[in-house]
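Here's a quick tour for the bench. Pull up the fold alongside this and follow along.

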Amino acid sequence: MRPIYKFVSEDTGLITKTVSGFIPETVVIPLKKSSQDEIEILVKAGDKVKEGQVIAKSQDTCIHSSIPGTVVNIIHSKFADENEGYAAKIRLEGVFSFTGKKIIEKEWKSKEPSAIIFLMKEGGVLNTYSSPEPLNAQIKNLDKTKDRFLVVRLYSEDPSRITDAFVTEHYFEKIKTGAAITARAMEAKGILFAFDSNKSIPQNFADGFETETAVVSLDAKNYPNGFMHEIVSTAKKTLKNSIFKNVGNRDLFIDSVTALNVYNAVVLEKPEITAEIQVTGDCLNAGAVITVKTGTSLRQLAEQAGGFKREPGKIIINGKITGNSVSDIDIPVSKDVKSVAFIPFSQLHNQTEQNCIRCGNCLNCCPVGLSPETLYRCFKNKDHNNSELQLIEKTAVLCTECSLCNTVCPSRIPLSQTIALLKKGKINEK
Ligand code: SF4
Ligand code: SF4
């Protein structure tokens with residue numbers, strides 16, 4: 001039997017407040033990664049911009065200025081996902097179009113799917129369920145020859161992060177509306193909500209939907225329990241007498257943050273210019289979930305959470321298990337950032353990679369039964385002619401990128417990152 005990992009964040013107890021962040025005097029809005037040739041930058045130094053104005057776009061997405069002001073420059077910047085690229089540095093000036101304004105809710109029920117998809121694109125809605133992708137493009141690319149379901153996960157896949165659960169608790173009705181709108185846009189057969197079994201399910205949760213709905217409950221404190229694999233297998237087990245037994249990996253999976261942003265983009269016609277971010281870690285004087293303007297720096301975030309009581313040794317973005325670490329405290333917050341943890345030097349473990357000691361931990365923990373160590377060897381010996389390894393290599397496509405193998409490896413081998421590269425190569429071969 002595989003071990004079950006209980007992982008409860010040791011520092012979420014620091015979350016003592018929820019606040020709207022202050023408006024920074026300058027923001028640095030990530031526009032495009034170096035590899036994203038398809039994105040066109042629409043502004044230059046000296047241009048005046050409004051809050052919410054589109055300043056870069058591609059066929060699939062729009063990127064907006066989060067404040068009104070003047071473009072100081074287009075700069076080269078590091079991003080929160082460890083990539084680098086171009087960003088617009090904007091100095092605050094002028095009046096706000098959205099902040100502090102009462103925005104009237106627009107009627108959406110008479111809108112055609114194509115009109116909703118257009119508003120999702122104009123609002124720059126990213127689906128942050130796993131690797132961030134424009135939601136409108138995902139809907140357009142769904143295989144509609146079969147019935148498709150919408151799955152809405154109401155908690156974070158990484159138990160060290162509380163942002164999705166927090167958003168669910170505070171904006172549940174808006175998330176329901178965002179889910180209903182998304183279901184309309186994709187013409188879904190039904191909506192499956194994945195709840196955290198540690199929380200009670202609101203009694204009225206199924207009211208007001210035009211499609212069939214169902215619930216699965218998974219323990220969000222157990223890891224992994226928030227990826228497609230676990231949600232699909234729970235649905236197959238617990239909903240076997242309903243249409244939801246057919247939910248699978250080709251359906252659309254979104255999280256609560258994405259559903260909330262759909263509500264904002266379609267009902268309020270407000271672009272994605274803020275992010276709800278859990279700011280935590282033992283370096284800080286206090287923890288908080290802060291609503292901040294995109295383009296706010298990590299340094300400004302820390303200041304908003306009461307500042308540092310000790311110097312951070314490491315900054316972790318988007319969770320201790322599935323996230324990544326960055327070293328630059330002036331990196332700007334982008335739309336896909338959900339949490340930032342400032343970890344002191346005293347809590348850092350030795351991260352130096354050692355040789356595999358054949359302990360078998362990675363093999364025992366993999367929720368989809370892969371052999372991470374063998375896959376790692378396949379990648380490292382790319383030119384091997386071993387037919388058995390060639391067969392095993394193909395199993396990389398099943399990896400859910402849950403990172404559990406990394407967390408149990410005593411030799412600190414970057415297994416999941418390497419398997420993700422192998423998986424990408426296999427998918428591109430098809
Ligand atoms: S990251 Fe992939 S290989 Fe590693 S435990 Fe998760 S599913 Fe298995
Ligand atoms: S957990 Fe690490 S050390 Fe143990 S078998 Fe897997 S790769 Fe090797």
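Before we talk about strands: two strands count as a pair if DSSP finds at least two bridges between them. With that in hand, take glutamine 278, whose bridge partner in E21 is serine 339. Keep in mind that this is a predicted model.

**Strand E17 and its neighbours**
- Strand E17 covers residues 274-280 and is mostly covered, with six of its seven residues buried.
- On the parallel side of things, E17 is joined by three bridges to strand E21, residues 339-344.
- E17 also runs antiparallel to strand E18 (residues 287-293), and six bridges join these two.
- Glutamine 278 turns up here as well: its bridge partner in E18 is valine 289.
- E17 and E18 make a hairpin with six residues between them, and glycine 281 in the turn has a positive phi of about 120°.
- As background, strands of a sheet pair through backbone hydrogen bonds, either parallel or antiparallel.

**The four-stranded open sheet**
- Another spot to look at is an open sheet of four strands, in the order E3-E9-E8-E5, with antiparallel pairing.
- Its edge strands are E3 (26-33) and E5 (48-49), each of which pairs on one side only.
- E5 is joined to strand E8 (residues 69-78) by two bridges, and the two run antiparallel.
- For a concrete contact, look at valine 49, whose bridge partner in E8 is glycine 69.

**Helix H4**
- H4 spans residues 172-186, so to speak a 15-residue helix, and twelve of those 15 residues are buried, so the rest of the structure largely encloses it.
- Among the buried residues are Phe172, Lys176, Arg184 and Met186.
- From first C-alpha to last, H4 reaches 21 Å, close to the 21 Å expected at 1.5 Å a residue.
- Right after H4 comes glutamate 187, with a positive phi near 50°.

**The two ligands**
- Ligand 1 sits in the largest cavity.
- The residues surrounding ligand 1 include Cys366, Cys399, Cys402 and Cys405, along with Pro367, Glu401 and Ser416.
- By type, the shell around ligand 1 divides into eight nonpolar, three polar and one charged.
- Ligand 2 is surrounded by 13 residues, and the closest are Cys356, Cys359, Gly360, Cys362 and Cys409.
- The shell around ligand 2 breaks down into eight nonpolar, three polar and two charged residues.

How values were computed. Residues are numbered from 1 along each chain as its sequence is written. Chains are lettered from A and ligands numbered from 1 in the order in which they are written. This is a predicted model: local features need pLDDT of at least 70, side-chain atom pairs count only at pLDDT 80 or more; totals for chains, interfaces and linings use all residues. Side-chain values use heavy atoms; hydrogens and water are left out. A residue is near a molecule or strand if one of its heavy atoms lies within 4 Å of it. On a 1 Å grid over the protein atoms alone, a cavity is a set of points where a 1.4 Å probe fits but cannot get out, and a pocket is an open set with protein on both sides within 12 Å along at least five of seven lines; lining residues have an atom within 4 Å of a point. A molecule sits in a cavity or pocket if more than half of its atoms lie within 2 Å of its grid points. Ala, Val, Leu, Ile, Met, Phe, Trp, Tyr, Cys and Pro count as nonpolar, Asp, Glu, Lys and Arg as charged, and the others, Gly among them, as polar. The expected span of a helix is 1.5 Å times one less than its number of residues. Buried means under 20% relative accessible area, exposed over 50%, partly exposed in between (1.4 Å probe, protein chains only).
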